[in-house]
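Please look through the sequence and the model shown here, and follow how charged side chains pair with one another. The report below goes through some of these pairs in turn.

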Amino acid sequence: MEPSEWTTTARPGPAPGPPAPGAGAGAAAARAYAESVARTRWGGPGREAREEDVVDLLLVVSELVTNAIRHGGGLAGFEALPTDDGLWIAVHDHSAVVPRAAYTFPTTHPGGGYGWPLVARLARDIAVDRHPGGGKTISALVPLRDRGTP
């Protein structure tokens, strides 16, 4: 499978802050951590993320973490790093299996869940990276806009 124009393996650098939820954590812990990072560390002084963008972020985090738990052998780790454009998230799991729709946008619903199409609509720069020792990381940038912009 070849990556499409919306996938990349580019990563932002690390950001200081509290530790992210690790192995064994659930979707609720990952959502709480991502929301905390978006509300306290994104955008700089005087900027706040739009509420609808934070809701989109929480949906993407929920879908990716739930998929790691249900289909990836469990959550192995989670990261959320602020960038100029939004929040970069990375979900680590224990399975090297790449989601079927990873490199194409689903135009029909084959009968499974709605998670991957939702992630593809709300995030960008989606990447799936297999680890040599097993497992994979799915990462994505969820765009955030300043509350004061139209």
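In this predicted model, the side chains of Arg39 and Glu51 meet in a salt bridge, with a distance of 2.7 Å from N to O. Because Arg39 belongs to helix α1 (residues 27–40) while Glu51 belongs to helix α2 (residues 51–71), this pair ties together parts that are 12 residues apart in sequence. Arg39 counts as partly exposed, since its relative accessibility is 35%, and Glu51 likewise counts as partly exposed at 35%.

A second pair joins Arg147 and Glu48, whose closest N and O atoms are 3.3 Å apart. Here Arg147 lies in the segment after β4 (136–143), whereas Glu48 sits in the loop between α1 and α2, so the salt bridge ties together parts that are 99 residues apart in sequence. Arg147 is partly exposed, with a relative accessibility of 44%, and Glu48 is partly exposed as well, at 46%.

Asp125 and Arg124 also meet through their side chains in a salt bridge, at 3.7 Å from N to O. Asp125 has a relative accessible area of 32% and is therefore partly exposed, and Arg124, with 34%, is partly exposed too.

The three pairs are listed here with their distances.

| Salt bridge | N to O distance |
|---|---|
| Arg39 and Glu51 | 2.7 Å |
| Arg147 and Glu48 | 3.3 Å |
| Asp125 and Arg124 | 3.7 Å |

How many salt bridges does the structure hold? The structure holds 10 salt bridges, and a network of such bridges links Glu35, Arg39, Glu48, Glu51 and Arg147.

Definitions and conventions. Residues are numbered from 1 along each chain as its sequence is written. This is a predicted model: local features need pLDDT of at least 70, side-chain atom pairs count only at pLDDT 80 or more; totals for chains, interfaces and linings use all residues. Side-chain values use heavy atoms; hydrogens and water are left out. A salt bridge is a side-chain nitrogen of Lys or Arg within 4 Å of a carboxyl oxygen of Asp or Glu. Helices (H or I, at least four residues) and strands (E, at least two) are DSSP runs, numbered from the N terminus. Buried means under 20% relative accessible area, exposed over 50%, partly exposed in between (1.4 Å probe, protein chains only).
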